[in-house]
Amino acid sequence: MVHAQRRFRLGVLGSGKGSNFVAIADAIQAGRVPAEVAVVLSDVESAGILQHARQRGLAAQYLPPGRFRTKLDEVAEASYLQALREAEVDLVVLAGFMRILKGEFLRAFEGRVVNIHPSLLPSFPGLEAWRQALDYGAKVAGCTVHLVDQGIDTGPILAQRAVAVRDGDTAASLHERVQEAERDLYPQVIGALARGEIQVHGRLTRGFRPPAVTE
Ligand code: GRF
């Protein structure tokens, strides 16, 4: 008997509307990313990302984050780990997950957690990075896909996309264009990871170089 080849399995974590998740799921469906979404987890019961996943017939679960505001408590961390292990996840994809992941979680999935951040790191880590760029007067904004390490937005960079800041941009208009770039870039990076195309040597990564500028 011929067994279907096992596909690369994604565990997607998000707290928000889920536009990055939708872009990833669409890219999988279109055959551009050789992976499958094994499970979607959220710390926000009403999050759009859970609704999008359920509409697509994917496993989606709300897991309470516990007693802290910006991270998971120990009980919650264990429940996230268990759900990801049960789903036999190869890669944890953070898609707007608003909690910092720490020690045990990162040790369990070392080098296998990716995030997308709405700035050209190392500029503007932290919250509302597109607004930080605008308020600072930067002329180029953008987004970064990186591996997650113990710091905040500090892990090895896998890919970046620059977005020009225009005269008259508001935080909302710039955010929209940065998110457009994210929805294009993130699925490409996940595809490259699923194909095993990216090599990581400390901070330096090789093997994958998508266009760095929105044309
Ligand atoms: C994205 O803009 C990403 O940069 C940040 O969180 C946002 C999530 O948006 N990490 P969405 O839920 O994917 O629409």
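## Helix 2, the nonpolar cores and the domain contact

Right after helix 2 comes G57, with a positive phi near 75°. The model is predicted.

Helix 2 spans residues 48-55, and its buried residues are G48, I49, L50 and A53. These buried residues pack against four elements: strand 1 (8-13), helix 1 (19-29), strand 2 (35-42) and strand 3 (60-62).

F21 also touches this region. Beyond its neighbours within four places in sequence, F21 contacts I49, H52, A53, R56 and L58. The other contacts of F21 in that list are V12, V37, V40 and A95.

**Cores**

In soluble globular proteins, nonpolar side chains tend to be buried together. Here the largest nonpolar core holds 49 residues. Its members that touch the most other members are L10, V12, F21, V40, V93 and V189. Helix 6 (residues 171-194) gives the largest share of this core, 11 residues. Both domain 1 (1-110) and domain 2 (115-215) give residues to this core, so the core lies between them. A second, separate core has 22 residues, including A38, L63, L94 and V148.

**Domain contact**

The protein chain is divided into domain 1 (1-110) and domain 2 (115-215). Their centres, taken over C-alpha atoms, are separated by 20 Å. The contact draws on 20 residues from domain 1 and 17 residues from domain 2.

The size of an interface is often given as the accessible area lost when the parts come together. Domain 1 and domain 2 bury about 1,600 Å² between them. Of that area, 67% is on carbon and sulfur atoms. N20, L94 and L106 supply 30% of the area that domain 1 buries against domain 2, more than any other three residues.

How many salt bridges and polar contacts link the two domains? There are zero salt bridges between domain 1 and domain 2. Four residue pairs are in polar contact, both residues at pLDDT 80 or more.

Four elements each supply at least two residues of the side of domain 1 that touches domain 2: strand 1, helix 1, strand 4 (91-94) and helix 4 (103-108). Helix 1 gives the largest share of that side, five residues.

The values for the contact between domain 1 and domain 2 are collected here.

| Item | Value |
|---|---|
| Separation of the centres of domain 1 and domain 2 | 20 Å |
| Residues from domain 1 in the contact | 20 residues |
| Residues from domain 2 in the contact | 17 residues |
| Area buried between domain 1 and domain 2 | about 1,600 Å² |
| Share of that area on carbon and sulfur atoms | 67% |

Key: Residues numbered from 1 in each chain as written. Predicted model: local features only at pLDDT ≥ 70, side-chain atom pairs only at ≥ 80, totals over all residues. Heavy atoms only, no water. Core = buried A, V, L, I, M, F, W, Y, C linked by side-chain atoms within 4.5 Å. Buried < 20%, exposed > 50% of the residue type's maximum accessible area, 1.4 Å probe, protein only. Domains from an automatic or database assignment. Contact = heavy atoms within 4.5 Å. Buried area = accessible area lost by both parts, 1.4 Å probe. Salt bridge = Lys/Arg side-chain N within 4 Å of Asp/Glu carboxyl O. Polar contact = N/O pair within 3.5 Å; in protein donor to acceptor, adjacent residues only side chain to side chain.
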